Amino acid sequence: MLYHSTNNNQHTARLEQAVAKGLAPDGGLYVPDSLPRLPKAFLRNMSAMTLQEMAYAIAAFALKGDVPEDVLHDIVYSAFDFEIPLVKTASGNYVLELFHGPTMAFKDVGTRFMALLLNYYRTRHPEWKTLNILVPTSGDTGSAVANSFWGMPGVRVYVLYPRDAVNKIQKSQFATLGGNVTAIEVNGTFDDCKSLVEKAFMDLELNSLMRLTSAMSINYARLVPQMIYYFWAYTQLMRQQKVGDLVFAVPCSNLGNLTSGLMAHQMGLPVKRFISVENQNNIFYNYVKTGVFTPKPTQYSIAPALDAGCPNNFARVVDLLGSHDNICRHIHAYSYDDNQIIETIQRTYSNEGYLLDPHTAVAYRALGEDLQPGETGIALATAHPAKLKALMEDIISEPVPLPAQLARFLGGQLHVVKMPNGFTAFKRLLLDNA
């Protein structure tokens with residue numbers, strides 16, 4: 001199957017090239033020329049499958065034989081080796097808990113799949129020598145990517161994070177690893193970190209000397225596995241015989257998670273609509289309301305994974321849905337500020353006994369405001385509350401236990417390279433390690 005650039009439909013690539021480079025040479029994002037629709041019989045019979053069985057079948061169908069069956073089987077079964085439960089809350093709505101992986105964030109799903117797929121391609125190309133993974137993070141992406149590639153031969157990972165914007169627990173998950181993982185503290189914002197990575201991909205000298213790729217959601221390999229948990233949520237509802245008009249509420253920053261949901265819908269998942277939910281960095285919300293896409297400087301919030309002032313998967317959303325009118329037919333948009341997020345967490349915990357992290361809280365609140373009678377609402381829970389332990393304890397005035405898989409990182413020594421906000425310094429750091 002061919003993948004084209006969102007900047008130019010005539011620029012195409014095979015899956016290996018799209019995944020290995022991340023960005024197209026013209027700076028666009030890769031999207032499939034067409035997504036195959038799953039047979040209706042498959043959708044009816046999904047409830048008899050395990051998560052891994054269903055994940056493999058959907059991935060194989062979506063990738064159309066571009067990855068050998070045995071290789072894809074091993075990748076999928078390794079990436080989906082933890083539970084993704086669908087929890088019904090006292091309100092009658094559902095939460096899909098995507099945070100039971102190694103770093104307790106939904107990004108474990110996409111990054112583990114991507115790491116294993118890239119490693120397969122790397123072993124086929126000894127001339128690549130070292131594969132260099134560049135990833136900006138506001139917390140969760142960096143930890144998921146670093147742990148997915150940690151210790152992998154022939155791979156180096158550079159995690160760029162903004163100074164004073166990543167908490168101790170999140171930082172410890174990637175900055176204590178060492179080995180083939182380099183943590184870089186940038187004197188700037190998350191958008192500055194993203195800009196440095198994007199400039200590196202467009203720098204001819206760097207790319208002639210190093211094989212660079214991205215582990216952000218601009219990499220198509222992140223999106224394929226994320227499609228699968230949308231189907232898994234539907235499957236779990238089928239087992240309960242409670243599938244009404246299905247509505248997914250998705251916490252949004254760079255729109256990768258939403259893009260995966262739209263792709264699942266195009267492959268046949270019966271979704272009535274999606275709800276995109278942002279914090280005060282409400283770029284996509286403003287686009288839905290006005291038809292004008294206007295990036296702006298990032299504002300820090302209590303939901304740091306949503307702090308993005310220029311959602312880089314916007315081009316994919318437009319490519320998939322086309323016109324602004326069609327986007328509005330498929331997506332309702334909401335945004336909430338810090339005070340509204342805090343109020344939602346406190347109210348839900350007090351009234352329903354369920355603790356939402358700030359990112360999940362925006363999606364859960366939007367369900368309550370948008371859902372209509374006869375509809376079944378699912379909020380995507382993208383991170384465990386303990387990843388923001390101190391903040392959560394301030395909000396609910398109670399201790400929040402730290403799971404063992406988070407606590408294990410805190411005893412390690414931090415290994416951090418501090419860097420000014422400038423491409424010259426970043427390029428020099430990369431060249432020194434080439």
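A144 touches T103, K107, D108 and T111, leaving out residues up to four places away in sequence. This report starts from that residue and describes several features of the structure, which is a predicted model.

## Helix α6 and its surroundings

A144 lies in helix α6. Its relative accessible area is 0%, and because buried means under 20% relative accessible area, A144 is classed as buried. Most of the helix is covered in a similar manner, since 9 of the 10 residues of α6 are buried. Among them are D140, T141, G142, S143 and V145. The buried residues of α6 are covered by elements that include the helices α5 (107-124), α7 (168-175) and α10. The strands β6 (131-136), β7 (155-162) and β8 (181-186) also belong to this cover. Just after α6, G151 takes a positive phi of about 80 degrees.

One distance helps to place A144 in the fold. A144 and Y234 are 90 residues apart along the chain, and their C-alpha atoms are separated by 25 Å.

## The cavity

How many cavities of 30 Å³ or more does the structure hold? There is 1 such cavity, and the volume of the largest cavity is about 310 Å³. Its lining is made up of 25 residues. Those that lie nearest the centre of the cavity are K107, T141, S253, N254 and A305. K107 is also one of the residues that A144 touches, and T141 is one of the buried residues of α6.

Helix α6 (140-149) supplies at least two residues of this lining, as do α10 (220-240) and α11 (256-266). When the lining is sorted by class, 10 residues are nonpolar, 12 are polar and 3 are charged.

## Salt bridges

Side chains of opposite charge can pair when their charged atoms come close. The structure holds 15 salt bridges. The table gives three of them, with the separation of the closest N and O atoms.

| Salt bridge | Closest N and O atoms |
|---|---|
| K272 with D245 | 3.8 Å |
| E343 with R347 | 2.6 Å |
| E393 with K389 | 2.7 Å |

The pair of K272 and D245 links distant parts of the chain. K272 is in the loop between α11 and β11 (273-278), whereas D245 is in strand β10 (residues 245-251), and the two are 27 residues apart. K272 is partly exposed, with a relative accessible area of 43%. D245 has a relative accessible area of 40% and is likewise partly exposed.

The other two pairs are each found within a helix. E343 and R347 both lie in helix α15 (residues 338-352), where they are 4 residues apart, about one turn of the helix. E393 and K389 are also 4 residues apart, in helix α17 (residues 389-396), and so are separated by about one helical turn. An α-helix has 3.6 residues a turn, so residues three or four places apart point the same way.

These residues are partly exposed as well. The relative accessibility is 31% for E343, and the relative accessible area is 34% for R347. For E393 the relative accessible area is 23%, and for K389 it is 24%.

## A network around E375

Which residues are linked with E375 in a network of salt bridges? They are D245, K272, R273 and D370. E375 is found in strand β13 (residues 375-381). At 10% relative accessibility E375 counts as buried, whereas K272 is partly exposed. Leaving aside neighbours within four places in sequence, E375 is in contact with V247 in addition to D245, K272, R273 and D370. The side chain of E375 also reaches the backbone nitrogen of Q372 at 2.8 Å.

## Two residues with positive phi

K64 and M104 are not glycines, yet each has a positive phi. For K64 the angle is about 50 degrees, and for M104 it is about 65 degrees. K64 lies in the loop between α3 (51-63) and α4 (69-79). M104 is placed in the loop between β5 (94-97) and α5. Are these residues buried or partly exposed? K64 counts as partly exposed, at 42% relative accessibility, while M104 counts as buried, at 5%.

Technical notes: Residues are numbered from 1 along each chain as its sequence is written. This is a predicted model: local features need pLDDT of at least 70, side-chain atom pairs count only at pLDDT 80 or more; totals for chains, interfaces and linings use all residues. Side-chain values use heavy atoms; hydrogens and water are left out. On a 1 Å grid over the protein atoms alone, a cavity is a set of points where a 1.4 Å probe fits but cannot get out, and a pocket is an open set with protein on both sides within 12 Å along at least five of seven lines; lining residues have an atom within 4 Å of a point. Grid points are joined across faces, edges and corners, and a volume is the space filled by probe spheres set on the points. Ala, Val, Leu, Ile, Met, Phe, Trp, Tyr, Cys and Pro count as nonpolar, Asp, Glu, Lys and Arg as charged, and the others, Gly among them, as polar. Buried means under 20% relative accessible area, exposed over 50%, partly exposed in between (1.4 Å probe, protein chains only). A polar contact is a pair of N or O atoms within 3.5 Å; within protein, one must be able to donate a hydrogen and the other to accept it, and residues adjacent in sequence count only if both atoms are side-chain atoms. Contact means heavy atoms within 4.5 Å. A salt bridge is a side-chain nitrogen of Lys or Arg within 4 Å of a carboxyl oxygen of Asp or Glu.
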